[in-house]
Amino acid sequence: VNNCLQLVIQTSSIADKNKPFEFRINKEQSSFHNRLLQHDLEKNYSGRHDNTNFGSSSSVTSFPVFQRTAEEKILNSDRLTLERQKLTVCPIIDGEDHLRLLNFQHNFITRIQNISNLQHLVFLDLYDNQIEEISGLSTLRSLRVLLLGKNRLKKISNLENLKNLDVLDLHGNQITKIENINHLGELRVLNLARNLLTIVENINGLDSLTELNLRHNQVCSIKDVDTLPCLQRLFLSFNNISSFEDILCLADSSSLSDITLDGNPIAQETWYKHTVLHHMMQLRQLDMKRITEEERRMASVAVRKEEERKRESHKQTLLKEKKRLTICSIAHQWEIQQNRGALVASLNTDKDNEPCQINGSAAYVFPEESRSLDTVLSSAVQGLSVLESHLVEVEGDTLYLYGSGALECLDRNWSVQTAAAVVTVSFMFIEFDEIVQVLTKLKTKFPNFVHLKFKETNLVALQQFNALAQVNRIEQLTVDPQGNPVISFTLWKYYVLFRLNHFNLQKINGIEVTQNDIVMAERLFGILDYVASSELPHYRMLSLLGESRRKQFHYLLEGKGKKSGMGNEESNDNRAGGESTARATLNYNTKDFHMEKLEEIKERRTLCQTYVENLVKEAADINLKNESLQKLWPQMFIELVRDAVVEIHNKNSYMKLCLQRIADQKQ
């Protein structure tokens, strides 16, 4: 401890009970042990240990017996120094029951013994020995200073009777746990530096402790320090403390004035000093440096900024977690939707309850199971903690769209700055057929976008790429293999280059497009131009042409022009950046559009069928009537002739009857 410390031990002297026994620890001393030994008693006897006399014991024992001359006893009656005597055991000290200071430092002693008779002992120094266990001290009730530094102790024990202990030095041992010291209510200095401690705990009850040295341990957490009412100096240099939360209890200590934390991971943090000063306003020194009021003020300002930064960081973390959960929820719903679609397709293919293939695995579906499928899937979705069914996010120059519901957000009023900043549009967990319907909106909403990304969009056929011709321009196209089976086609990139040739694509899936790629695309798919245009009806071809092109087309159909002229015009159109007419015929109809067409065709077929059935029915009725007339006509003819003959038999009467009928009709 590099500060000035004075320990005054008030004990009773044999000569004078009112005389204080004191020693001073100076700032210049580098070790705790040497500082404690620098006192008046040590100075008076430091040069006399070479004349130490050992005699043999009269009893049968292996312990040496120590004896002093009368002159030595008179000169240092209450103190004895036996340092550097190569002792392996504590000698029997005969006739020295009045000793108050005993020094055994720098020996090879392995066990504390033969000092139980020294009941007036106040100062016991066993520094730099080979002691493995604290023992033999139970009778030393007057002991105030116990120095056991640099030994081989692994445990703190057998201190129950040393209730008056004022200084306990256990540095440089192998102690792994603080224990069995809670009863030392008079202890003021505790040195546990250079041990194997990892947690500071079990120190409650040390109500008089003013200094605690824990340097050079492996401490990573501190507890109970706030329960020490008198603790002023705490030394924690060179440990494993990495966060302020590990030493949070220090902020609750009202008595702590000096603390050292240098050499810990926490001391490397930029916020270290400011945070400590802010939470421990009572500190006078930090890492052996005096704290000024200006430093306290700056620490307070810095801590407020740090707290604001942490709040913002926490907010961002929460937003990221919410985003992650939302994307997981969308992905889960997408998976359920895909599984449902696969199951429905399988059921439509096989209606006879034969084994069906779902995602590559065979499964047998019973009717009752298929009926309850929607219920099962719905309950699975409800059981998931769903935050949103879609997500729209602009990050940098990329617009991310997750879930089909995100497509509706394209209609919102985007700010001019945001819309202009979007260069890339990324679609995830959205059916491609739904994306096709909003491609035209991208042109107007985000005029600068040049890069499209597709992941989990169910791209399964080459013809789906035809729909991308609706946008203004594309410089890059990225199709993730995940959820897009079309990537498994070997020639898909060449088809994209062929169909979107007018965009002059620069990259596909991050790979630069070369001139060789474009040439290969034309060789592979160029014939489709002719096939598509030749198979297309004239009225559809005219709908794709402009007014000037229509006149030219009519001219060509009449045989008055040359095919090369058509080709040259088309070539000029391509050079101008437009889409060739032949390739414009290669379009893509979505499933919904296809279904609508099928419904329309079905309605027309039904109407035609009804009309034909009515015509057939009418014709059948006419035919039946004709057949009936043919059968009845001979008899009818005979009756007509007979009636005519009867009527004109009397000519005058017949004429009058006819005139009468005419007159009646006029009336």
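Select His451 first: opposite it, in strand S25, stands Gln476. The model on display is a predicted one. His451 and Gln476 belong to a pair of strands, S24 (residues 451–455) and S25 (residues 476–479), which run in the parallel sense and are joined over four bridges.

**The seven-stranded sheet**

Extend the selection to the whole sheet. Seven strands make up this open sheet, in the order S21-S22-S23-S24-S25-S26-S27, with mixed pairing. Its edges are S21 and strand S27 (511–512), each of which pairs on one side only. Strands of a sheet are held through backbone hydrogen bonds, in either the parallel or the antiparallel sense.

Move next to the edge formed by S21. Strand S21 (residues 391–395) pairs with strand S22 (residues 398–402) in the antiparallel sense, over five bridges. Within this pair, Leu391 is found opposite Tyr402 of S22. Now select the connection: the hairpin of S21 and S22 has two residues between the strands, and Gly396 there adopts a positive phi near 70°.

**From the sheet to helix H5**

Remain on S21 and select Glu393 together with Lys323. These two side chains form a salt bridge, with the closest N and O atoms 2.8 Å apart. Because Glu393 lies in strand S21 and Lys323 in helix H5, the pair ties together parts that are 70 residues apart in sequence. Both ends are partly exposed: Glu393 has a relative accessibility of 22%, and Lys323 has 24%.

Next, select Arg324 and Glu321. Here too there is a salt bridge, its closest N and O atoms being 2.6 Å apart. Both residues lie in helix H5 (residues 293–349), three residues apart, which is about one turn of the helix. Arg324 is partly exposed, at a relative accessible area of 41%, and Glu321 is likewise partly exposed, at 35%.

**Further charged pairs**

Select Asp411 and Lys441. Their salt bridge brings the closest N and O atoms to 3.0 Å. Asp411 sits in the loop between S22 and helix H8 (416–421), whereas Lys441 sits in helix H10 (residues 439–445), so the contact ties together parts 30 residues apart in sequence. With relative accessibilities of 43% for Asp411 and 28% for Lys441, both count as partly exposed.

Then select Asp78, Arg79 and Arg100, which salt bridges with shared partners join into one network. In total, the count of salt bridges comes to 13.

**The nonpolar cores**

Which residues touch the most other members of the largest nonpolar core? Select Phe104, Leu124, Leu146, Ile222 and Leu250, which hold that position in a core of 69 residues. Helix H4 (residues 272–279) supplies the largest share of this core, three residues.

Centre the view on Leu250. Neighbours within four places in sequence aside, Leu250 is in contact with Ile222, Val225, Leu234, Leu236, Leu256, Ile259, Met280 and Gln282. Apart from the core that contains Leu250 lies another, of 46 residues; Ala419, Ile435, Phe454 and Phe465 are among them.

**A buried glutamate and two cysteines**

Select Glu211, in strand S13 (residues 211–213). Is this residue buried or exposed? Glu211 is buried, because its relative accessible area of 0% falls below the cut-off of 20%. Add Val167 to the selection: the two residues are 44 apart in sequence, while their C-alpha atoms are 9.6 Å apart in space.

Now select Cys90 and Cys220. Cys90 is buried, with a relative accessibility of 1%, whereas Cys220 is partly exposed, at 35%. A search of the whole structure for disulfides finds zero.

**The whole protein**

Finally, display the complete model. The protein contains 19 helices and 27 strands. Of its 667 residues, 38% count as buried. Its accessible surface comes to about 37900 Å², and carbon and sulfur atoms account for 51% of that area. Among contacts with a separation of 6 or more, 46% are between residues 24 or more positions apart.

Definitions and conventions. Residues are numbered from 1 along each chain as its sequence is written. This is a predicted model: local features need pLDDT of at least 70, side-chain atom pairs count only at pLDDT 80 or more; totals for chains, interfaces and linings use all residues. Side-chain values use heavy atoms; hydrogens and water are left out. Buried means under 20% relative accessible area, exposed over 50%, partly exposed in between (1.4 Å probe, protein chains only). A disulfide is a pair of cysteine sulfur atoms within 2.5 Å. Two strands pair if DSSP finds at least two bridges between them. Contact means heavy atoms within 4.5 Å. Accessible areas come from the Shrake-Rupley method with a 1.4 Å probe; for residues, only the protein chains shown count as cover. A salt bridge is a side-chain nitrogen of Lys or Arg within 4 Å of a carboxyl oxygen of Asp or Glu. A nonpolar core is a set of buried Ala, Val, Leu, Ile, Met, Phe, Trp, Tyr and Cys residues joined through side-chain atoms within 4.5 Å.
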